[in-house]
Amino acid sequence: MMNLEDLIINEDSSVLNAMQQLDKTGRRIVFVAPGGVLKAVLTDSDVRKFILRGGEVKQPLRVAANYNPKSLPVEKRPKAKEFLLQNSIDAVPLLDKQGVMVDIVFANDLDGIDTKKQLTLPVVIMAGGLGTRLYPYTKILPKPLIPVGEVPILELIMERFNGFGCADFRVIVNYRRNMIKSYFNETEREYDIEYIDEDEPLGTGGGLCLLKGKLAETFFLTNCDVLIEADYADIIRFHKKSGNAVTMICAMKHFVIPYGVVEMDADGCFGRIAEKPEMDYLTNTGMYVVEPSVVEAIEDGVSQGFTDIIEQTRAAGGRIGVYPISEASWMDMGQLEELEKMRRRMEQA
């Protein structure tokens, strides 16, 4: 059982530390409460907006936090559900007369509040690649059927989307396609799968040309080797509100270079040395939200990555958005080392 202290953080902590604490608790919110007295809150949405404004995750979280948090007196606990719904928030702290936090009510702990807000959008999964980075596994199985624990990665991906209400899947297949089809034909499921046969390799984007005229609404697009832990409904709201043609889901990766990095001056001489510098990057996860007009503009039969299509869409005037998530919210099995990490995480879940 989670303690209240697990959700409290010092306002001098970095945004990166806050992101790590948000991931650890899974509650999507932390509280600044010195001495227990509520002062501010920081949600995953606050972090995302901060990053999109150009903020750096090494900055103190007070520059991203909300110092006008919503709360309720503890005696009004029976009104918490109504309060959460009226304010469209996921959590409300309960305070005593001195403003000290004594409890927190979370929407997803209450009956009758569906925080996932069921989606009905189609999902396109690019599952036709050879999976050369996972050799020798892929000498035996196509990448989509490589198990993470006891369940193939492709099935895990579809179950994650189905948990948000998505039940219409279009899977573009090529390498060992019949093996993929046979597996799912023998599997009980609560969603529909349509297979799109790619006879010639067309890359992570080119295969979408096979869906021209078949997609009439906004859809999710994902590679078949990533799992994203995020609020998919919130991603769609962000995409629609921003008016994007494509929204890229990007993970904030934090790197520590384990060496002293030498910088030179203008004359080519030693300038300074930075010991074990830390760097932060937004990294493409391979999951997107896409408008159908993007598909209709793709050239037929051309092998290309979806990043190429993004560049073409932007050149044609389409808006490309970025939805940041934390590093821990992205599980990637595209390489053997990452596959083992994913397996360990799924075993602990």
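Here is a short tour of a predicted model, stop by stop.

**Stop 1: the whole chain.** Show everything as a cartoon and colour it by secondary structure. You're looking at eleven helices and 18 strands. The protein chain has 349 residues, and 47% of them count as buried. Now switch on the surface: its accessible area is about 18000 Å², with 49% of that belonging to carbon and sulfur atoms. How much of the contact count comes from residues 24 or more positions apart? Among contacts with a separation of 6 or more, such residues account for 68%.

**Stop 2: helix α2.** Next, select residues 44-52, which make up α2. Which residues of α2 are buried? Show the side chains of D46, V47, R48, F50 and I51, and you have them. To see what covers these buried residues, add α1, β2 (40-43), α8 (232-242), β13 (246-256), β16 (278-290) and β17, which are included in the cover. Then step just past the end of α2 to G54, where phi is positive, at about 95 degrees.

**Stop 3: the second largest pocket.** This pocket holds about 860 Å³ of space. Select R28, D44, E229, A230 and D231: of the 31 lining residues, these are the closest to the pocket's centre. You'll meet α2 again here, since α1 (15-25), α2, α5 (153-162) and β17 (320-326) are the elements that each give two or more residues to the lining. Finally, colour the lining by residue type: 13 of its residues are nonpolar, six are polar and twelve are charged.

Terms used:
Residues numbered from 1 in each chain as written. Predicted model: local features only at pLDDT ≥ 70, side-chain atom pairs only at ≥ 80, totals over all residues. Heavy atoms only, no water. 1 Å grid on protein atoms, 1.4 Å probe; cavity = no way out; pocket = protein on both sides within 12 Å on 5 of 7 lines; lining within 4 Å. Points joined across faces, edges and corners; volume = space filled by probe spheres on them. Helix = DSSP H or I, 4+ residues; strand = E, 2+ residues; numbered from the N terminus. Nonpolar A, V, L, I, M, F, W, Y, C, P; charged D, E, K, R; others polar. Buried < 20%, exposed > 50% of the residue type's maximum accessible area, 1.4 Å probe, protein only. Contact = heavy atoms within 4.5 Å. Areas by Shrake-Rupley, 256 points an atom, 1.4 Å probe, with all protein chains shown as cover.
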